[in-house]
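Here are some worked exercises to try with a structure open on your screen. Have a go at each task before you read its solution.

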Amino acid sequence: MPSSAPDTFLRTKIRVMRPPPGAIARPRLDAVRAQALQVRLVTLTAPGGFGKSTLAATWVAHWQAEGHHCTWLSLSQDDDEPARFLHSLAQALQRLGQGVGDAVLALLQGRALAPPRAVVALLLNDLESFDGEAVLVLDDYQWLHESGIHEALAFLISHAPPQFHVVITSRVVPPLALARLRAHGQWLDVDAAALRFDEEETTRFLASACALAPTPEQSARLHAGTEGWVAALRLAALGQSLTGAYDTDGTRSSSSVFATLFEDLLESLPPPTVRFMAQTAVLERIHPDLCDAVCDSDDSAAQISVLLQYHLLTEPMDGEGRCLRYHLLLREHLLANVAQRLGVDPRLMHQRAAHWFANQGAWTDAVRHALQAGDSRQAIAWLAHCCMSLVKSGDLLTLLGWRRQLPPELLHTQPQVQLAAAWGLALAMRFAEAAPLLDEIVHAAHQTLEGHALHDTLGECLAIRAVTVALQDDSLQACAIAQQWHAGDHAGDAFTHNVMSNVMRYVYWKSGDLVRVYEQPWVATPPGDEQQIAFSTVYRHTLLGCIELQKGRLGLAERHAREALRCAHSHGGGHSVSMALAAPLMAMLHYQQGRYTEAEGLLTPLLPLIDNTAMHEALAQAYQVLVNTAYLQGQHGRAFELLERAEAMGYNRGWDRLVGTMLLERIRILIFERRLDEANATAIRIQRLAIQAQADPPCARSDLLVLRDIASARIALANQRVNEARFALTGLLQAAHAASQDLRALQIGACLAIAHMAAGEQDACFAQLRATLHDAQRSGALRSVLDEGEELHGLLPRFLVSRECHGELADYVRGLIAATHPSRSSAAAARSMLTVREIRVIELVEQGRSNKDIARAMDISAETVKTHLKNIFEKLGVQHRSQAVLIARSLGLMSDSPL
């Protein structure tokens with residue numbers, strides 16, 4: 001889906017809080033501040049009003065003065081959604097500079113629901129190269145309860161580089177699974193006992209904050225009455241400044257003192273200002289236009305100016321002071337006490353706020369305020385009005401966030417809202433959540449709808465089920481559901497029709513009916529509206545590109561890949577879910593053409609997204625490229641790690657084809673390494689996977705039978721059962737050509753050529769090799785041949801000097817020979833095939849010298865010359881001197897031969 005921020009992001013959330021006037025130095029906490037840059041995590045944990053945020057702001061000001069990089073994120077209950085929190089986190093980290101967060105924001109720009117682990121992985125990659133100390137402050141973390149957020153943050157902290165530090169302020173200890181950090185002294189917790197003012201700090205604070213310095217007795221009583229509670233002391237100081245007297249009754253509890261101080265303060269304010277505060281207390285952030293709507297007045301700017309005079313009661317959210325927020329405890333007091341006393345109805349204020357936000361198009365806030373106003377009908381009306389547009393534009397984050405906030409009883413009677421949520425869950429690959437929701441929608445529809453409304457709702461459910469099943473790689477079931485949808489003559493817009501067209505493309509592809517793949521209709525949109533079907537467009541071009549790749553038509557496949565990448569980049573950005581879908585196809589094309597660096601470079605930054613959001617084919621292509629590239633680079637351990645990772649994802653998702661594909665890759669590599677026992681065991685695993693597969697009717701799982709048979713043929717060849725291998729490979733090759741599986745036919749054909757040579761049938765080997773290499777040359781698929789390993793590489797020089805190889809094919813074979821060492825592309829690497837003396841011998845052979853002449857020229861014996869020639873023949877795989885010269889020159893081994 002295209003990605004964009006869920007709503008217009010309020011940038012004041014990431015404005016670093018300024019230390020308030022009157023903040024005092026606290027030397028006893030300076031040691032913690034100094035130690036904070038030596039640990040990963042510091043938590044400031046205490047009830048509200050203990051000065052946690054002020055202390056963090058003071059620390060940040062100190063660190064910034066020392067040249068360190070600091071950023072801030074103010075949290076609220078709206079951030080209690082993993083994707084929304086990660087979006088805000090990326091916005092905050094971007095302020096550190098040096099490109100931190102850019103990749104994540106590009107990913108989330110299309111409003112796709114990216115997996116938390118993928119987002120955090122991108123942030124960690126950015127932080128790894130960060131130059132200098134970096135500090136992130138997460139303020140008011142107590143609002144966050146979702147386990148997914150805690151897990152993502154714990155992963156970020158535990159894997160962050162040593163120059164990155166997190167400071168959390170919270171009313172409760174954050175439930176982060178970081179016991180190891182605490183055990184190793186990497187998590188410092190500053191609790192209420194440490195944060196509350198001691199008597200000396202109380203005296204200094206009151207002396208600086210009050211117009212009239214208190215006596216020692218007054219300070220002591222205030223300290224005892226507030227128990228060092230910073231917020232109460234601030235209010236006491238402000239109350240004294242306004243009234244000229246202290247309330248120092250130390251017999252009352254801290255909370256009662258706090259409430260009394262609030263009341264004393266409010267009594268000193270103009271009545272219109274107090275009423276304004278009671279009316280606007282429903283808002284988390286206040287600014288003039290919004291407050292005018294909520295208060296049904298036009299003097300909000302003037303009232304906010306009054307509030308700014310009492311900055312201890314409010315916190316500015318922008319540099320101009322036009323956007324403020326009340327201290328949470330003050331807001332709670334206003335709602336619980338003042339609003340009721342003044343006859344202010346919070347529900348009415350919420351209702352006005354909801355309409356204001358709706359007029360601004362801020363649907364999240366509009367729905368939230370409508371619900372708090374008790375106006376569920378209006379909330380549902382707004383939600384029904386925009387829910388499907390959010391799906392089509394890709395704003396899954398906002399949609400699913402609303403679903404979490406709305407009570408189930410409100411959703412049960414709104415099939416359109418439920419349908420939109422089901423689309424979002426299905427497209428976000430949350431299948432376990434989508435299935436029961438669809439059942440609920442169908443049940444509710446039968447009870448509440450009739451006629452066309454019922455018919456259309458059931459049709460939409462069928463479409464969502466078809467998508468869900470198709471993404472789970474069950475082409476037969478997807479076909480049955482899609483045919484049921486078509487047979488029902490269900491109405492649908494361009495979005496639904498295009499989605500169903502993609503489902504049927506997948507179905508016909510896996511059934512082998514490629515003609516019907518291309519027959520599927522497509523509803524185009526005007527160029528300016530492409531974003532409405534962007535993800536479907538990317539999916540369509542990716543599917544068609546995969547089909548062309550399968551047919552060995554790499555040129556056409558690349559056209560589709562480029563169009564998919566263009567659409568993904570235009571509407572989702574360089575690190576979007578759409579890019580994760582399109583990139584593996586292009587990477588596979590690069591790999592097949594021998595452009596390994598480009599292939600790996602395209603996949604590596606997107607791999608976390610590919611792991612979590614890509615469809616089956618994309619994931620398989622990505623890991624085939626990465627595994628083989630790692631193996632070619634000599635990183636054999638890395639190749640097996642990648643195989644295990646892909647296999648695990650296949651098992652977790654029920655994607656048996658992915659598991660089978662990776663197991664076949666494993667067998668090939670194990671055979672290269674002569675680990676035949678492990679290869680045999682792996683072949684048994686593929687056989688078990690294929691037990692439930694069926695050949696008729698052909699479907700996605702039918703491919704498991706082919707993977708099983710290829711594995712068996714490879715195992716037979718490796719175990720010297722040559723005739724068995726030849727027979728199996730011959731049948732597989734014919735079947736591949738019949739099914740237009742031309743890319744696979746290249747691999748099977750190369751393997752069959754090896755089997756013919758193992759049987760001593762050189763003519764059959766070269767004939768098969770000629771046919772295979774001719775097809776490879778036509779398609780441009782270099783690696784499908786070369787990935788058969790050293791046995792194939794050894795055949796190429798012999799084939800080059802045979803009568804089967806001539807003309808353009810000979811040039812192509814020379815290129816293949818030169819490409820057999822991709823990690824050693826220089827002339828020196830090619831020369832390492834022969835020793836210096838062997839190269840000199842072959843150069844003299846090229847000059848027509850006899851063995852005796854060569855011996856005299858090199859001052860060695862004739863027997864030594866014979867030994868050198870024997871070694872040269874073995875290394876180059878030839879039997880005659882003329883063949884050795886031809887191969888050596890084609891490989892660039894001569895001193896005057898260009899490589």
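## Exercise 1: A glutamate and its contacts

Glu440 touches His412 and Gln418, once residues up to four places away in sequence are set aside. Keep in mind that this is a predicted model.

**Task.** Find the helix that holds Glu440, and decide whether Glu440 is buried, partly exposed or exposed.

**Solution.**
- Step 1: look up the element. Glu440 sits in helix H23, which covers residues 431-448.
- Step 2: check the accessibility. Glu440 has a relative accessibility of 30%, and the partly exposed class runs between 20% and 50%. Glu440 therefore counts as partly exposed.
- Step 3: take one of the contacts and compare sequence with space. Glu440 and Gln418 are 22 residues apart along the chain, and their C-alpha atoms are 8.9 Å apart.

## Exercise 2: How far to trust the model

**Task.** Work out what the average pLDDT of the protein is, and how many contacts residues 1-6 and residues 247-257 make beyond near neighbours in sequence.

**Solution.**
- Step 1: start with the whole protein. The average pLDDT is 84, and 88% of the residues score at least 70.
- Step 2: go to the start of the chain. Residues 1-6 have a pLDDT below 50, and this stretch has 45 contacts in the model beyond near neighbours in sequence.
- Step 3: do the same for residues 247-257. Here, too, the pLDDT is below 50, and the stretch has 21 such contacts in the model.
- Step 4: draw the conclusion. Where pLDDT is low, the predicted coordinates shouldn't be read in detail.

## Exercise 3: Laying out the sheet

**Task.** Write down the strand order of the open five-stranded sheet, and say which strands stand at its edges.

**Solution.**
- Step 1: line the strands up. The order is S2-S3-S4-S1-S5, and the pairing is parallel.
- Step 2: look at the ends. S2 (69-74) and S5 (187-190) each have a single partner strand, so one side of each is left without a neighbour in the sheet.
- Step 3: add the twist. From one strand to the next, it averages 15°.
- Step 4: go through some of the pairs. S3 (residues 134-139) and S4 (residues 164-170) pair over five bridges, with Val135 opposite His165 in S4. S1 and S4 also pair over five bridges, and here Val42 has Val167 of S4 as its bridge partner. S1 and S5 pair over four bridges, with Leu41 partnered by Trp187 in S5.
- Step 5: place a helix. H3 (residues 82-94) packs on the sheet and touches S2, S3 and S4. The direction of H3 makes about 150° with that of S2.

## Exercise 4: Inside strand S1

**Task.** Explain why strand S1 (residues 41-45) is described as largely enclosed, and sort its residues by the way they point.

**Solution.**
- Step 1: count the buried residues. Five of the five residues in S1 are buried, so the strand is largely enclosed by the rest of the structure.
- Step 2: recall the usual pattern. In a regular strand, side chains alternate between the two faces of the sheet.
- Step 3: sort the residues. Leu41, Thr43 and Thr45 point one way, while Val42 and Leu44 point the other way.

## Exercise 5: The nonpolar cores

**Task.** Name the residues that touch the most other members of the largest nonpolar core, then list the contacts of Leu89.

**Solution.**
- Step 1: find the hubs. The largest core has 270 residues, and Leu89, Leu138, Trp423 and Leu773 touch the most other members.
- Step 2: find the main contributor. Helix H30 (residues 577-592) supplies the largest share of this core, 12 residues.
- Step 3: list the partners. Outside four places in sequence, Leu89 contacts Leu73, Leu123, Leu136, Leu138 and Leu156.
- Step 4: look for another core. A second, separate one has 25 residues, including Met17, Val32, Leu44 and Ala192.

## Exercise 6: A positive phi

**Task.** Locate Arg674 and classify its exposure.

**Solution.**
- Step 1: recall the background. Most residues other than glycine have a negative phi.
- Step 2: check the angle. Arg674 isn't a glycine, yet it has a positive phi of about 60°.
- Step 3: place it. Arg674 lies in the loop between helix H35 (656-672) and helix H36 (676-689).
- Step 4: classify it. Arg674 has 62% relative accessibility, so it counts as exposed.

Terms used
Residues numbered from 1 in each chain as written. Predicted model: local features only at pLDDT ≥ 70, side-chain atom pairs only at ≥ 80, totals over all residues. Heavy atoms only, no water. Pairing = 2+ DSSP bridges. Helix = DSSP H or I, 4+ residues; strand = E, 2+ residues; numbered from the N terminus. Axes fitted to C-alpha atoms, helices over the stretch in contact; angles between N-to-C directions. Contact = heavy atoms within 4.5 Å. pLDDT = per-residue confidence, 0-100. Core = buried A, V, L, I, M, F, W, Y, C linked by side-chain atoms within 4.5 Å. Buried < 20%, exposed > 50% of the residue type's maximum accessible area, 1.4 Å probe, protein only.
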